[in-house]
Amino acid sequence: MKYLCKTCKTKCDDIPKHMITVHKFSKSLVESQLKAKATCYDNAFEKLE
Ligand SMILES: [Zn+2]
């Protein structure tokens, strides 16, 4: 599955990795956000077929 980031218009296949490497989110922040809500980044990414 590929995703298009709506913020930076870049394609990626791993949303957490994208948030960490491109948007400089800390790994612990991303992990805690995903733990709280697994779909928390869905609105920021578009699924590509
Ligand atoms: Zn992005």
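This passage describes the zinc site, the strands and the nonpolar core of a predicted model.

Local features need pLDDT of at least 70 and side-chain atom pairs count only at pLDDT 80 or more, while totals for chains, interfaces and linings use all residues. Residues are numbered from 1 along each chain as its sequence is written, and side-chain values use heavy atoms, with hydrogens and water left out.

The zinc ion is held by four residues. C5 and C8 each coordinate through SG, and H18 and H23 each through NE2, at 2.0 to 2.3 Å. Donors are N, O and S atoms within 2.8 Å of the metal (3.2 Å for Na, K and Ca); water is not among the atoms, so sites may look incomplete. The angles among the four donor atoms are 106 to 116°, and the site is tetrahedral. Four donors count as tetrahedral if all angles lie between 85 and 135 degrees. Along the chain the donors follow the spacing C-x2-C-x9-H-x4-H.

The accessibility of three donors was computed. Buried means under 20% relative accessible area, exposed over 50%, and partly exposed in between (1.4 Å probe, protein chains only). C5 is buried, at 1%. H18 is also buried, at 4%. C8, at 27%, is partly exposed. H18 lies in helix α1. Helices (H or I, at least four residues) and strands (E, at least two) are DSSP runs, numbered from the N terminus. Contact means heavy atoms within 4.5 Å. Leaving aside neighbours within four places in sequence, H18 is in contact with the donors C5, C8 and H23, and with T10, C12 and F45.

Strand β1 pairs with two other strands. Two strands pair if DSSP finds at least two bridges between them. β1 and β3 are antiparallel and share four bridges. In this pairing, C5 stands opposite F45 of β3. β1 also runs antiparallel to strand β2 (residues 11-12), with two bridges. Here L4 has K11 as its bridge partner. Side chains alternate along β1. Y3 and C5 point to one face and are buried, whereas K2 and L4 point to the other and are not.

F45 belongs to strand β3 (residues 45-48). With 5% relative accessibility, F45 is buried. F45 and Y3 are 42 residues apart in sequence, yet their C-alpha atoms are 5.9 Å apart in space. Beyond four places in sequence, the contacts of F45 include Y3, C5, C12, I15, H18 and M19. C12, on the same basis, is in contact with M1, K2, Y3, H18 and F45.

The largest nonpolar core has eight residues: Y3, C5, C12, I15, M19, V30, Y41 and F45. β1 (2-5) and α1 (15-21) each supply at least two residues of this core. A nonpolar core is a set of buried Ala, Val, Leu, Ile, Met, Phe, Trp, Tyr and Cys residues joined through side-chain atoms within 4.5 Å. In soluble globular proteins, nonpolar side chains tend to be buried together. The zinc donor C5 is a member of this core.

Two lysines have an unusual backbone angle for their residue type. Most residues other than glycine have a negative phi. K9 has a positive phi of about 60°. K9 sits in the loop between β1 and β2, a hairpin with five residues between the strands. At 62% relative accessibility, K9 is exposed. K24 likewise has a positive phi of about 60°. K24 is in the loop between α1 and α2 (27-36). K24 is exposed, at 68%.

Definitions and conventions: Four donors count as tetrahedral if all angles lie between 85 and 135 degrees; four count as square planar and six as octahedral if opposite donors are over 155 degrees apart and all others between 65 and 115; anything else is irregular.
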